[in-house]
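Please look through the model below with these numbered points beside you, taking them one at a time. They begin with single residues and then turn to the chain.

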Amino acid sequence: MKKIVAFSVSAVLALTMLVSCGGKSSSKDIIVIANQEVSEKFSPFFEESVPDMRIVDATQVALLGPNRNGSLVYNGIEGETTSYNGTDYKYTGPANLVVTENPDGTVYYDYTIRKDLKCPDGVALTADDIIFSLYVYSDPTYDGAASVFSLPILGMEDYRSGMESLFSLLSKAGRSNKDFSLWDEATQNAFWADVDQAGAKFVQDICDYCVAAGYANAGDPVGTIMGVWGFPAGADATTADIFKIMYDTYGGDLATLSDTEKANASLTSLMNDYAAYTKGVATGDSADCVKGFVKTGDYSVRIIFTEVNAPAADLMNIQIAPLHYYGDKSLYNYDAHQFGFKKGDLSLVRAKTRVPFGAGPYKFVSYENKIAYLEANPYFYRGKPKTKYLQFKETNEADAVNGVLQGTIDISEPTVSKEKLAQIAKENSNSQIQGNVLYTQLIDYNGYGYIGINAVNVKVGDDRASEASKNLRKAIATVLCVYRDVVIDSYYGNAASVINYPISNSSWAAPQKSDADYKVAFSTDVNGNPIYDASMTEDEKYAAALKAALGFFEAAGYTVKDGKVVAAPAGAKMAYNLQIAGDGVGDHPSFGIVTAASEALAKIGFNLVIEDLADSSKLWDTINGGNHELWCAAWQATMDPDMYQIYHSDGGSANHYGIKTPELDELVIEGRTSTNRAFRKAVYKEALDYIVDFAVEVPVYQRQNGYLISAQRIDLKSVPADTTTYYSFWEELYNLKLK
C-alpha cells in the first residue's frame, strides 16, 4: 500500500553516551544511532511514525522477515537461501508460513513459530501470544495503523459488528444529541468539554509549528497564523473560535480532522481523558471470537481467509507482542473465547504504549532528554547482540555528517544530495563515499516522486476519459517529461534516477528497461510516433516536445494558429494551476521541471501557473477538497505493490487522480487474485500502461536513501553487505559491533 508524502528534507539519526539502569556505561559498549523526533508511541500496536518504529522494531520480532529481493522469508525456522547480486545469502527468521489454497476458495495461512523466541525476562513466546496479538489488532475499538481487520478473514465482520468505541459514537452523535440510551448526559457533556479544550490546544500546536517553521511570525494573531494553514479568521479570533471553524469544516468528523490537520500533536493526544472514551459500547449482536483465528498447536496458528488476497502475507506480518506483558493472563482462555483482555477494552495494552517489551534483540530501558536507551536481550534467538547498549538520539539534519565525524554519532541517515555526497567523499582519503573515515550505503527509497494531474478538473467537456481529455493532459505531461533528466541530475546527481512508470523501481513489479515493452513516459506524439531520437541535443528535445504538445492540444479540440494555442474547447481552459510544496523558495526536486515547462508552454500560448507553497498542508487541503488541478508530491510504498488504495475507485486516494473507471478497477482487483509474482507483474504492467495513457501521473524520480556509518568506530565486517530497500543494517541490528 502507498502512503502520501509531500517532499521534505529527511531528518536524521543520532546518539551519544548511554545511561542505563541509573549508571553510565563504558562508551565502547554503545552504538549510537541517530533518530528523528519521536512521539513516544513505542507500541507494536500503536506506533505511527518511523522514528517510533525504529525503537519498537529493536524490541520486537515479527512473524516473518524480508530478504534482499523484497520477499518475505516463509521458511524462517530452517532457513532459506536466495541469490542477490550474484551472491547466495541464507535467511532465518522467527517463523514458518505455509499457504494453502483450497478448492472451496478459502485460503489457509499456517504459521509455526520457533520455540526459542524469548523476551528479556526469559519468557518464551507461544501460539497464545500470536492469538492475543491478533485479537488486539481486530478489536472493534482498535485505532492503530495496522489493517489486519480489513482483510477477508473468516468471521472478522461478525466479531467487529455490534460494537463501537465511545469516542466514535459520541463523535457521530454530535453536540446536540438527546438520545442517552448508550451513555448519560454527563458523559456527553464531559466529552465535548474535553474535545473543546483539546481543540484549542490543537490549534495552538499548529500555530507554534507555523512559527517554528518560519511560515508565520510569533507576534501574529492566531487568526492570521491559521490563515497560512487554510483557516483564516479575524485578528481577534481565539483558538477556540478557529477550532469551531475547523470542526464545522469537517462536519464534526474529529478523527479525519485530526489526521488531516495535525502538525505535531493529534487531537486525541491533547484530550485530558481520551482513554475513557476508547472503550467499546455494545450497539447490537456480535460474535465472541473470529472463526478464522485457529490455534493449531502450542506454537502454531492457522488464519483462514475467505478468498485469495495477495497483499495478505505482508499485511498479516504482525509483531508478536507478549501476552504476559501487554495483556492479562488471567483473562486468557482460548477454549472459552477469552483472549487476554476484555473485548472492547484495550486499556491494558494502551497503558504500555511508552514502554515497549518483546522478544527482539534489545530491551527498552528508558527515554530521557530526547534519547532512547536500550540494552541487549540476553535471550535473543539469534544469540546475544554483539553490542550491549544502543542509543537512539534525536538530532537534526545539520549533524548527520558532522556528528559522525565528531564521534557523537555512529550511524546516521543524511539526506542524500550531490553536495552531501561530495562532503562525505572529501573526508575519506580515497575521495570516495566509502572510505577510511565515513562509509556510506546507498539504497533505493521505497517510493517515488511524481507530478499528478486531476482528471476531474483537467479535461475537455464532461468526460474525463475521452480521447480529447487524455490528449489535453498528454500535451502538458509531454512538456513536463522532457525536463526530467537535466533537473533531477542537477538536484540529486547519482543519488536519484528518472523513472517512466508510476511505481517505485525498488518494487519487483516495476517494469525494467530490459523488458521488451518498456517505454519512456510520454515520448510519442499524438500519432504514436517517437518524439525524440538519440542524435538530438537537449535544446532540440525541448523544441520537439513543444511541437508534440501542439499536436496533442489540437487533437484535444484547442484552436492552434501560427504555432500557438489561441482558444480552448468547451470544458477546458487556457491556464491550469500547479501546486508544489517548495517552502516558498523552490526547494523541491521537481521545481526546476515545472518552472521550465511553464516557461516553455507560455511560448505556445498556454499557461501553467506555478504556486510554490510554504506549507505542504495547503496542498493536501486542496487535494482533499477536490479543487486541485496539477501538483507535485511523492508516494511511499510498502513491500507489496498492491494498487488498491491509490488507483481503485473505492481506494482511499482515488480522488487524487480521478480516474475511476471499471477497466482499471478490474485490473487492480485481478492483481490481488493470485500470489504468483509473474502473473501479478503482468497484470500490474497492464494497469501501469492504463494509468500512463490516462495521463494523470507523470513519473519523475526514484531517489536513494543513505546510511552513513563511522568507519573509524564501527566494525564494517558486522555491517551487512549488498543492502537493499528491504534489507539494511536494521535487519541485523543484533550483529553490529564496535572495533
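1. Thr239 lies in helix α7, which covers residues 239–249; helices here are DSSP runs of H or I with at least four residues, strands are E runs of at least two, and both are numbered from the N terminus. With a relative accessible area of 17%, Thr239 is buried, a word that stands for under 20% relative accessible area, while exposed means over 50% and partly exposed in between (1.4 Å probe, protein chains only). Apart from neighbours within four places in sequence, Thr239 is in contact with Ala200, Val203, Gln204 and Val222, where contact means heavy atoms within 4.5 Å. The C-alpha atoms of Thr239 and Gly199 are separated by 7.8 Å, although the two residues are 40 apart along the chain.

2. Before going further, please keep in mind that this is a predicted model, in which local features need pLDDT of at least 70 and side-chain atom pairs count only at pLDDT 80 or more, whereas totals for chains, interfaces and linings use all residues. Residues are numbered from 1 along each chain as its sequence is written, and side-chain values use heavy atoms, with hydrogens and water left out.

3. The confidence of the model deserves its own point: pLDDT is the predictor's confidence in each residue, from 0 to 100, and its mean over the chain is 91, with 96% of the residues reaching 70 or more. Over residues 1–26, however, pLDDT stays under 50, and for this stretch the model has 117 contacts beyond four places in sequence. Where pLDDT is low, the predicted coordinates should not be read in detail.

4. Which residues does Met316 touch, leaving aside its neighbours within four places in sequence? They are Leu63, Tyr111, Leu134, Val148, Leu151, Ile153, Ile303 and Phe305. Met316 sits in the loop between α9 (312–315) and α10 (323–326), and it is buried, with a relative accessible area of 0%. One of its contacts, Ile303, is 13 residues away from Met316 in sequence and 9.5 Å away in space, C-alpha to C-alpha.

5. Ile604 also belongs to a loop, the one between α17 and β26 (607–612), and at 5% relative accessibility Ile604 counts as buried. Beyond four places in sequence, its contacts are Leu546, Ala549, Leu550, Phe553, Gly563, Lys564 and Val565. The C-alpha atoms of Ile604 and Asp562 are separated by 9.2 Å, with their positions 42 residues apart along the chain.

6. Is Asp583 buried or partly exposed? At 40% relative accessibility, Asp583 counts as partly exposed, and its place is in the loop between β25 (575–580) and α17 (591–603). Leaving aside neighbours within four places in sequence, Asp583 is in contact with Tyr215, Asp612, Leu613 and Ala614. Val404, by contrast, is 179 residues from Asp583 along the chain, and the C-alpha atoms of the pair are separated by 28 Å.

7. Two residues should be checked for their backbone angles, beginning with Glu40, which has a positive phi of about 60 degrees although it is not a glycine. Glu40 is in the loop between β5 (30–35) and α1 (50–59) and, at 22% relative accessibility, counts as partly exposed. Lys370 is likewise not a glycine, yet has a positive phi of about 65 degrees; it is placed in the loop between β16 (362–368) and β17 (371–376), and at 45% relative accessibility it counts as partly exposed.

8. Turning to the chain, there are 22 helices and 28 strands. The radius of gyration, 27 Å, is close to the 27 Å that the globule rule gives for 739 residues, so the chain is as compact as a globular protein of that length; the radius is taken over C-alpha atoms, and the rule is 2.2 Å times the number of residues to the power 0.38. Along its principal axes, the C-alpha trace spans about 85 × 75 × 65 Å.

9. Buried residues make up 54% of the 739 residues in the chain. Among contacts between residues at least 6 apart in sequence, 68% join residues that are at least 24 apart.
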